[in-house]
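Load the model in your viewer and keep the selection box handy. We will go from one stop to the next, with a note on what to pick at each.

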Amino acid sequence: RYSLFYNHLKNIEESEGGLGKFTKSYKTFGVNQLADGGIYCKEWAPGAEAVFLAGDFNGWNPFSHPYKKLEYGKWELFIPPEDGHSPVPHGSKLKVVIRAQNGALLYRISPWARYVVRDEDKVNYDWVHWNPPQSYIHKNPSPKRLKSLRIYESHVGIASPEGKVASYKNFTYNVLPRIKDLGYNCVQLMAIMEHAYYASFGYQVTSFFAASSRYGTPDDLKEMIDVAHSMGITVLLDVVHSHASKNSEDGLNQFDGTDSCFFHSGYRGNHQLWDSRLFDYANWEVLRFLLSNLRMWIEDYRFDGFRFDGVTSMLYHHHGIGTGFSGDYNEYFGLHVDEDALCYLMLANHMIKTLHPECITIAEDVSGMPALCRPVAEGGGGFDYRLAMAIPDKWIQIIKELKDEDWNMGNIVHTLTNRRYEEKYIAYAESHDQALVGDKTLAFRLMDAEMYTNMSVLMPLTPVIDRGIQLHKMIRLITHALGGESYLNFMGNEFGHPEWLDFPRIGNNESYHYARRQFNLTEDDLLRYKFLNAFDRDMNKLEERFGWLASPPAYVSEKHESNKVIAFERAGLIFIFNFHPYQSYVDYRVGNWHSSLTVAFKYKILLDSDAGEYGGHQRLDHNTEYFSEEYPHNYRPNSIMV
């Protein structure tokens, strides 16, 4: 794998003048404004017989501005300035006109288009030339690389209680302060790359270089990222390079009239479950396109890194369809692995780390591919983190299938600690996947219909609501503290957002009722959502203070099946969880370790899910001091009584 990567890198150095020049193609491809006012255009359309540029600027004459054919399927066009001004004004509509091999004229949006919009009365998107007289100028530097990553997974369009598509401006001024207050230091943005179908959650990308115009202009997004940086918040982009929308009128598909431009032709170029096109990662121009895409988002918009979606689909020719992964190494090495796709990921990480070493990359891989988060120089994938995707599945399985008294402490601990040595994992109890229609969030699984009637503090605390609130907090804290080297939460789930997430579509009469986040629920002092919100905030603030995510993995001293108790140490803290549905304990001995007992070591409660401000029963006295004694317990040299 490293040999394949090195050969690609060597070829780029020899033929393109280096990775830096190769990946700066986003400044030359598409339609670009020159300093003298002229326009330079460049496209890759190997299957085209001829290429033209048409638009408002030439009265939509499809033949007046032909491109010149270059080597390797490339085409270029230079349009001189008119009296020192651009011949293509800012805001004018454009199309690349392709004469296909069968003679047909195809009106296409450039794959490199920076801004596309859709009029309300139209189905397809239009390409709009974006060249404002004054672009947004970033004022704040990017935050320094974080040691402890607390990620708030977000979608700009649903980030409002109102039933509409919310804006970048709304996110900037209403949501970012909330994220900061909750103690998250990183926001991961979904559905930014333009996608024609809103209900695809942003995963059917049509224009890879365009920020979605649903929420505002490119400058609005730049301002949003700049404001986040002023708050010390790192901003990651959920990037989709695993597949592309099948749209041809306003997407990449059949750009030059063939099915092999950018994608594999035939069966291999189609994802049978996602109904989308699959990139040909062995193609030189596809590598140029995708690598330049990453660089553009970093350098133009100032994103601080990426969460790569659908990595499992990229890694294997079977795309993970109908395939289980047990951890056997034969599953990760062999002819079923798409080495070209893996090599692309290595190149992407190498490019990012070389040009922007402060950037962070995350892999969404369910298979557990070994060394995916080890350096490229070791033959690894080069990612910084991978998602611990087994954890949310485990919580769902436990809640759905087991009575409380049947919860297996050893199995919970195993799932939370089962990760590859020296590869960093992002732990999460639930993400956007569990919030979507057809699934249920943890809060909804725990409390279900009673969330509609019994979340008011004026109503008696029912057993269902009581159990749901307490487990919601405990599940989040143990996942946060034991599950990895980073933590992620999907917006709204921190306070147990009711119901599910469903975008407007034909099946729900184009309703926005479920495509919103009701942040206002936490601001109503009469609702119990405030308790969950407060606990999530204080949990993050405690991690910020002690940094357990950046500490070595926890030492688990107890996973007691009959007592339903889990105890572990991490970052100088002792975490103790009692999952028993009805049994409390007094004088319970918990093992611990510290280097010296010459002075009595004293512990105090820092965070208590049973505290009144979190909707608990206040059964513990926070003034109590707990002293460690030289009494071995559970293979630890010391212990305390709690």
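Which residues does the UniProt annotation "domain: Glycosyl hydrolase family 13 catalytic" cover? According to that unreviewed entry, residues 162-478; UniProt positions are given in the numbering used here, feature names are shortened, and annotations may be inferred rather than shown by experiment.

Before selecting, please note that this is a predicted model, in which local features need pLDDT of at least 70 and side-chain atom pairs count only at pLDDT 80 or more, while totals for chains, interfaces and linings use all residues. Residues are numbered from 1 along each chain as its sequence is written, and side-chain values use heavy atoms, with hydrogens and water left out.

**Stop 1: the annotated span.** Select residues 162-478: the end C-alpha atoms lie 33 Å apart, and the span is 35% helix and 12% strand. Helices (H or I, at least four residues) and strands (E, at least two) are DSSP runs, numbered from the N terminus.

**Stop 2: the barrel.** Now pick the strands β10-β11-β14-β17-β18-β19-β20-β21, in that order: these eight close into a barrel with parallel pairing. Strands pair if DSSP finds at least two bridges between them. From one strand to the next, the twist averages 25°. Axes here are lines fitted to C-alpha atoms, for helices over the stretch in contact, and angles run from 0 to 180 degrees between N-to-C directions.

Add helix α5 (residues 284-299), which packs on the sheet and touches β14 (234-239) and β17, at about 135° to the direction of β17. Then add α7, which touches β17 and β18 and makes about 165° with β17.

**Stop 3: strand β18.** Zoom in on residues 360-363. Are the residues on the two faces of β18 buried or exposed? Ile360 and Ile362 on one side, and Thr361 and Ala363 on the other, are all buried, meaning under 20% relative accessible area, with exposed over 50% and partly exposed in between (1.4 Å probe, protein chains only). On one edge, four bridges join β18 to the parallel strand β17 (residues 305-308); there Phe306 pairs with Thr361 and Gly305 with Ile360. Two bridges also join β18 to β19 (residues 385-387), again running parallel, with Ala363 opposite Arg386.

**Stop 4: the nonpolar cores.** A nonpolar core is a set of buried Ala, Val, Leu, Ile, Met, Phe, Trp, Tyr and Cys residues joined through side-chain atoms within 4.5 Å. Select Phe171, Trp297, Phe308, Tyr344 and Trp395, which touch the most other members of the largest core, a set of 171 residues. Helix α7 (residues 339-355) gives the largest share of this core, ten residues.

Center on Trp297: beyond four places in sequence, its contacts (heavy atoms within 4.5 Å) include Ile192, Phe208, Leu237 and Phe306. A second, separate core has twelve residues, among them Ile151, Leu387, Ile426 and Tyr428.

**Stop 5: Lys559.** Finally, go to strand β22 (residues 555-560), where Lys559 sits. Lys559 counts as partly exposed because its relative accessibility is 46%. Draw a distance to Asn408: the two C-alpha atoms are separated by 8.9 Å, though 151 residues apart along the chain. Leaving aside neighbours within four places in sequence, Lys559 is in contact with Met409, Gly410, Val413 and Val565.
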